[in-house]
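Q: I am new to this structure and would be grateful for a close look at a single part. Please describe the surroundings of one helix in a connected account, with the open and enclosed spaces included.

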Amino acid sequence: MASTETPAKATGRNDDLAGLEAGLDALDAVRVDRTPVREVLLKKVLPPLVAVALVIVAWQLLVWAEVTEDYKLPAPSAVWTSVADMWLQGTLLEVVWTSVSRGLLGFLLALAIGTPLGLLVARVKFVRAAIGPILSGLQSLPSVAWVPPAVIWLGLNDQMMFAVILLGAVPSIANGLVSGVDQVPPLFLRAGRTLGATGLRGTWHIVLPAALPGYVAGLKQGWAFSWRSLMAAEIIASSPDLGLGLGQLLENGRNNADMPGVFLAIILILIVGIAIDLLIFSPLERWVLRSRGLLVKS
């Protein structure tokens with residue numbers, strides 16, 4: 001039977017289909033152009049600098065208004081003098097590196113323990129029933145609570161510091177991975193089994209990539225717990241053998257009633273936390289979002 005459709009209608013339908021395919025391709029094509037440097041400076045660098053400047057101005061205005069005594073609220077210039085003194089003495093970078101090196105090494109150890117533990121809890125029902133509630137409880141337990149027993153068990157040394165970091169960070173990393181695995185669509189797992197990705201291969205090629213958003217969130221929280229745990233340990237446990245870290249610098253300022261030193265330690269602790277987030281975790285989050293087509297510009 002001859003087709004009753006005219007050539008013009010057939011051509012129009014083909015054009016419509018071609019237009020539809022082009023539209024779908026355009027939706028799939030995610031632009032990954034790099035943001036110009038000037039735009040990065042204006043949108044990402046300038047706002048926090050302005051915020052810091054406003055805080056310093058407000059701080060100085062409070063000092064001029066004499067809302068409290070000088071020994072309680074030092075002027076920004078007094079804190080800057082403390083920075084300059086430590087820099088001239090050559091101790092500023094040493095103090096910062098003592099804490100940063102401990103924090104990063106402790107976090108890497110927590111990462112090595114928390115990742116397989118999280119996978120085990122997420123994939124084995126019996127282990128989840130046995131350990132899952134304990135991990136949640138440990139995550140809510142203040143890390144400072146581990147300092148006294150860690151000192152008694154291990155003494156005043158770096159091993160005690162790492163133990164406190166691990167007890168604070170491992171539950172966050174493991175729970176983050178468990179949350180990420182729980183959000184993996186079952187269709188992915190069935191497709192992986194169909195293609196032969198079972199056991200460790202399925203975990204490596206299917207589960208972990210799909211669980212990355214939750215895992216990265218757990219890593220970020222794990223670092224926050226690592227840093228806070230370390231500061232708590234350095235403030236409470238002091239010994240010449242441990243060296244001078246940021247937490248001990250803060251405690252020394254309190255003992256000596258040196259408020260410029262106290263403010264300096266707080267500012268340095270804050271700067272390190274922000275720097276680690278900007279240099280490590282923010283690029284990692286952007287990479288995860290970009291790989292899923294959720295970030296157009298970076």
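A: The account below follows one helix and its surroundings, and then turns to other parts of the chain.

The model is a predicted one. The helix chosen is α12, which spans residues 259-291. A second helix, α3, covers residues 76-89, and the axes of the two come within 8 Å of each other. They cross at roughly 75°. An angle from 65 to 115 degrees counts as roughly perpendicular, and α3 and α12 are therefore described as roughly perpendicular to each other.

The contact between these helices can be given residue by residue. On the side of α3, the participants are Ala 78, Val 79, Ser 82, Val 83 and Met 86. They meet Pro 260, Gly 261, Phe 263, Leu 264 and Ile 267 of α12. Sorted by class, this contact of α3 with α12 comprises eight nonpolar and two polar residues, with no charged residues.

Both helices also take part in lining open space. The largest pocket has a volume of about 900 Å³. It is lined by 25 residues, and those closest to its centre are Val 52, Ile 267, Leu 270, Ile 271 and Ile 274. Ile 267 thus appears both here and in the contact with α3. The elements that give two or more residues to this lining are α2 (37-64), α3 and α12. Of the contributors, α12 gives the most, with eleven residues. The lining of the largest pocket has 22 nonpolar residues, together with one polar and two charged residues.

The second largest pocket holds about 190 Å³ of space. Its lining is made up of 13 residues, and Met 86, Leu 249, Asp 258, Gly 261 and Leu 264 lie nearest its centre. Among these, Met 86, Gly 261 and Leu 264 are also named in the contact of α3 with α12. Two or more lining residues come from each of α3, α11 (246-255) and α12. Here α3 gives the most, with four residues. By class, the lining of the second largest pocket has four nonpolar, seven polar and two charged residues.

Further along α12 lies Asp 277. Setting aside neighbours within four places in sequence, Asp 277 is in contact with Lys 220, Ser 282 and Pro 283. Lys 220 is 57 residues away from Asp 277 in sequence, yet their C-alpha atoms are 7.8 Å apart in space.

Lys 220 falls within the range of helix α10, residues 212-236. That helix also holds Trp 223, which forms an aromatic pair with Phe 107 of helix α4 (residues 92-123). The pair is edge-to-face, with 6.1 Å from centre to centre and 90° between the planes. It links distant parts of the chain, for Phe 107 and Trp 223 are 116 residues apart. A search of the whole structure finds four aromatic pairs.

Enclosed space remains to be described. The structure holds one cavity of 30 Å³ or more, and the volume of the largest cavity is about 40 Å³. Its lining consists of Arg 102, Met 161, Glu 234, Ala 237, Ser 238, Ser 239, Leu 242, Gly 243, Leu 244, Gly 245 and Gln 248. By class, four of these residues are nonpolar, five are polar and two are charged.

Methods: Residues numbered from 1 in each chain as written. Predicted model: local features only at pLDDT ≥ 70, side-chain atom pairs only at ≥ 80, totals over all residues. Heavy atoms only, no water. 1 Å grid on protein atoms, 1.4 Å probe; cavity = no way out; pocket = protein on both sides within 12 Å on 5 of 7 lines; lining within 4 Å. Points joined across faces, edges and corners; volume = space filled by probe spheres on them. Nonpolar A, V, L, I, M, F, W, Y, C, P; charged D, E, K, R; others polar. Axes fitted to C-alpha atoms, helices over the stretch in contact; angles between N-to-C directions. Parallel < 35°, antiparallel > 145°, perpendicular 65-115°, else oblique. Contact = heavy atoms within 4.5 Å. Phe/Tyr/Trp six-rings, centres within 6.5 Å; stacked < 30°, edge-to-face > 60°.
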